[in-house]
Amino acid sequence: MLRVRCGVRRGAGADRGRPTTSRNSPIRRPDRRRAVPVLLVLLLALVVAGCEGIAVEDIGGGGAGRAPADLATGKAERAAWPDPPKGAVAAKVQRVSDGDTFVATVKGRRERVRVIGVDTPESVAPNRPDEPYGEEASDFAKHYLDGETVRLAGDAEPRDRYGRMLAYVWLEDGTFWNALLVAEGYAQQLTIPPNVTYAGLFRRLAAEARRNDRGLWAAGTQTTS
């Protein structure tokens, strides 16, 4: 029989205040044969919930409430990348379009933001099939950006020919997002003058990602754009 102790010491006076029952009393003693299976079900539910909670906690937090993606870059390496400048503006990401484009609220306005200096494989172009590794790049961006607050900084040109805001992006923990996309193999370098502030960094990170067969550089997934 399963015994559950609730911290009440038995002995003299231990049962004081306990409602008494009789055949005519509306309060009936619970049927212990029924109580035990119920307790077992409750305990099992608590164990399962507890295990799930431990698993999430052990994995760690992530953007948009999901477990973080496995990163090839180390924490020290990412910490060495540039920090956001003092003039960086906070923005709330509303929706990720694909790996290098998202919609965010910036100073109260809804803006389409294009990440500067990098190019992820296409995954949302109408009437065109997804490019290799496009879906993975998009999922990576959704994981880290959806619903998150980021910081944006511009370069020489504020917008591209499509009217999108051009920006360097930093995650809430200070990670340089543009650099992360390239270093993890989710994007190639795409330098379009005069927006060249971090071109040297992106070039180096792209070379390292390619040399280590990361992401889109793995065999059979290279893009041509």
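Let me start with the barrel: in this predicted model, 5 strands close into a barrel in the order β1-β2-β3-β6-β5, and the pairing among them is mixed. On average, and with direction ignored, neighbouring strands of this sheet are turned by 55° against each other. As a general reminder, strands of a sheet pair through backbone hydrogen bonds, and they can do so either parallel or antiparallel.

If you look at the start of that order, strand β1, residues 89-98, and strand β2, residues 101-106, run antiparallel and are joined by 6 bridges. To pick out one position that you can find on the screen, Lys 92 has Thr 105 in β2 as its bridge partner. Packed on the sheet is helix α3, residues 134-145, which touches β1, β2 and β5, the last of these being residues 149-153; the direction of α3 makes about 145° with that of β1.

Following the chain out of β2, we come to Lys 107, which is found in the loop between β2 and β3, where β3 covers 109-115. Lys 107 is not a glycine, and yet its phi is positive, at about 50°. Is this lysine buried or exposed? Lys 107 counts as exposed, because its relative accessibility is 69% and the cut-off for that word is over 50%.

Let me now move to helix α5, residues 199-211, which has 13 residues and reaches 18 Å from its first C-alpha to its last, close to the 18 Å expected at 1.5 Å a residue. Which residues of α5 are buried? They are Ala 199, Leu 201, Phe 202, Leu 205, Ala 206, Glu 208 and Ala 209, and I would ask you to notice that Glu 208 is in that list. In general, an α-helix has 3.6 residues a turn, so residues three or four places apart point the same way. As for what they meet, the buried residues of α5 pack against α2 (75-79), β4 (118-119), β6 (165-170), α4 (177-183) and β7 (188-189), and β6 is also one of the strands in the barrel order.

Finally, two backbone details on either side of this helix deserve a careful look. Before α5, in the loop between β7 and α5, lies Pro 194, and the peptide bond from Pro 193 to Pro 194 is cis, with omega near 10°. Just after α5, Asp 213 takes a positive phi of about 55°, and this residue, too, is other than glycine. For context, most residues other than glycine have a negative phi, and most peptide bonds are trans.

Key
Residues are numbered from 1 along each chain as its sequence is written. This is a predicted model: local features need pLDDT of at least 70, side-chain atom pairs count only at pLDDT 80 or more; totals for chains, interfaces and linings use all residues. Side-chain values use heavy atoms; hydrogens and water are left out. Two strands pair if DSSP finds at least two bridges between them. Helices (H or I, at least four residues) and strands (E, at least two) are DSSP runs, numbered from the N terminus. Axes are lines fitted to C-alpha atoms, for helices over the stretch in contact, and angles run from 0 to 180 degrees between N-to-C directions. Contact means heavy atoms within 4.5 Å. The expected span of a helix is 1.5 Å times one less than its number of residues. Buried means under 20% relative accessible area, exposed over 50%, partly exposed in between (1.4 Å probe, protein chains only).
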